[in-house]
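This report examines one protein chain, beginning with its overall fold and then turning to individual helices and residues. The sequence and the model are shown first.

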Amino acid sequence: MLLSSIALALSMAMFQAPQPSSGDLASAYKELQGAEEKKDADLIKKCAVETLNLAKASMKAPPDQDAEVQKSRIQFAKEVMPHAEYALATAINTSSDHKAV
């Protein structure tokens, strides 16, 4: 029992959670843009929060082996974050049910 617990702890320490890819961020950003086109405030809030979380995680991710890839990933995250924040603020301000926010 103790041995299996140690083995489990070691295996969890060895395998890190997967880092978000720029593709995940790009797809979340496209979903946000689609929600904005539909003018669905609840969907905008959900997509904006998801996009912000992925952008922040993308900026904190460990460096890539290719410096250009890392630079473009960070630049894309920096460009996406203000738009997602604006979309979230706009959705909150235009929401008819302010208590739900």
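The sections below describe the fold, two of the helices, the nonpolar core, an aromatic pair and several individual residues.

## Overall fold

The model is predicted. It contains 4 helices and 0 strands, and the order of elements along the sequence is α-α-α-α. The chain has 101 residues, of which 26% count as buried. Among contacts between residues at least 6 apart in sequence, 61% join residues at least 24 apart. The accessible surface of the chain comes to about 7,300 Å², and carbon and sulfur atoms account for 60% of that surface.

## Helices α3 and α4

Helix α3 covers residues 41-60, and α4 covers residues 67-94. At 1.5 Å a residue, the 20 residues of α3 should span 28 Å, and the 29 Å between its end C-alpha atoms agrees with this. The same rise per residue gives an expected span of 40 Å for the 28 residues of α4, in agreement with the 41 Å between its end C-alpha atoms.

A cap is present at the N-terminal end of α3, where a side-chain oxygen of Asp 40 lies 3.3 Å from the backbone nitrogen of Asp 42. At the N-terminal end of α4 the cap is Asp 66, with a side-chain oxygen 3.2 Å from the backbone nitrogen of Glu 68.

The buried residues of α3 include the nonpolar Ile 44, Leu 52, Leu 54 and Ala 55, and also Lys 45, Thr 51 and Ser 58. In α4, Gln 70 and Arg 73 are buried, as are Ala 77, Val 80, Met 81, Ala 84, Ala 87, Leu 88 and Ala 91.

Lys 39 lies in the loop between α2 (22-38) and α3. Its phi is near 60 degrees, a positive value in a residue other than glycine. Lys 39 has a relative accessible area of 72% and is therefore exposed, the cut-off being over 50%.

## The nonpolar core

In soluble globular proteins, nonpolar side chains tend to be buried together. The largest nonpolar core of this model has 18 residues, and those touching the most other members are Leu 25, Leu 32, Ile 44, Leu 52 and Ala 55. Helices α2, α3 and α4 are the elements that give two or more residues to this core. The largest share, 7 residues, comes from α4.

Leaving aside neighbours within four places in sequence, Leu 52 is in contact with Met 81, Ala 84, Glu 85 and Leu 88.

## The aromatic pair

The structure holds 1 aromatic pair. The ring centres of Tyr 29 and Phe 76 are 6.1 Å apart and the ring planes stand at 90 degrees, so the pair is edge-to-face. Tyr 29 belongs to helix α2 and Phe 76 to helix α4, so the pair ties together parts that are 47 residues apart in sequence.

## Selected residues

Which residues does Thr 51 contact, leaving aside its neighbours within four places in sequence? They are Leu 25, Ala 28, Tyr 29, Leu 32, Val 80 and Ala 84. Thr 51 is found in helix α3. A polar atom of the Thr 51 side chain lies 3.2 Å from the backbone oxygen of Ala 28.

Asn 53 is also placed in helix α3. Its C-alpha atom is 9.1 Å from that of Met 81, although the two residues are 28 apart in sequence. Tyr 86 is found in helix α4. Tyr 86 and Ala 48 are 38 residues apart in sequence, with 8.8 Å between their C-alpha atoms.

The table gives the accessibility of five residues discussed above.

| Residue | Relative accessible area | Class |
|---|---|---|
| Thr 51 | 0% | buried |
| Tyr 29 | 17% | buried |
| Phe 76 | 25% | partly exposed |
| Asn 53 | 48% | partly exposed |
| Tyr 86 | 59% | exposed |

The two members of the aromatic pair fall into separate classes: Tyr 29, at 17%, counts as buried because the cut-off is under 20%, whereas Phe 76, at 25%, is partly exposed.

Terms used. Residues numbered from 1 in each chain as written. Predicted model: local features only at pLDDT ≥ 70, side-chain atom pairs only at ≥ 80, totals over all residues. Heavy atoms only, no water. Expected span 1.5 Å × (residues − 1). Buried < 20%, exposed > 50% of the residue type's maximum accessible area, 1.4 Å probe, protein only. Polar contact = N/O pair within 3.5 Å; in protein donor to acceptor, adjacent residues only side chain to side chain. Core = buried A, V, L, I, M, F, W, Y, C linked by side-chain atoms within 4.5 Å. Contact = heavy atoms within 4.5 Å. Phe/Tyr/Trp six-rings, centres within 6.5 Å; stacked < 30°, edge-to-face > 60°. Areas by Shrake-Rupley, 256 points an atom, 1.4 Å probe, with all protein chains shown as cover.
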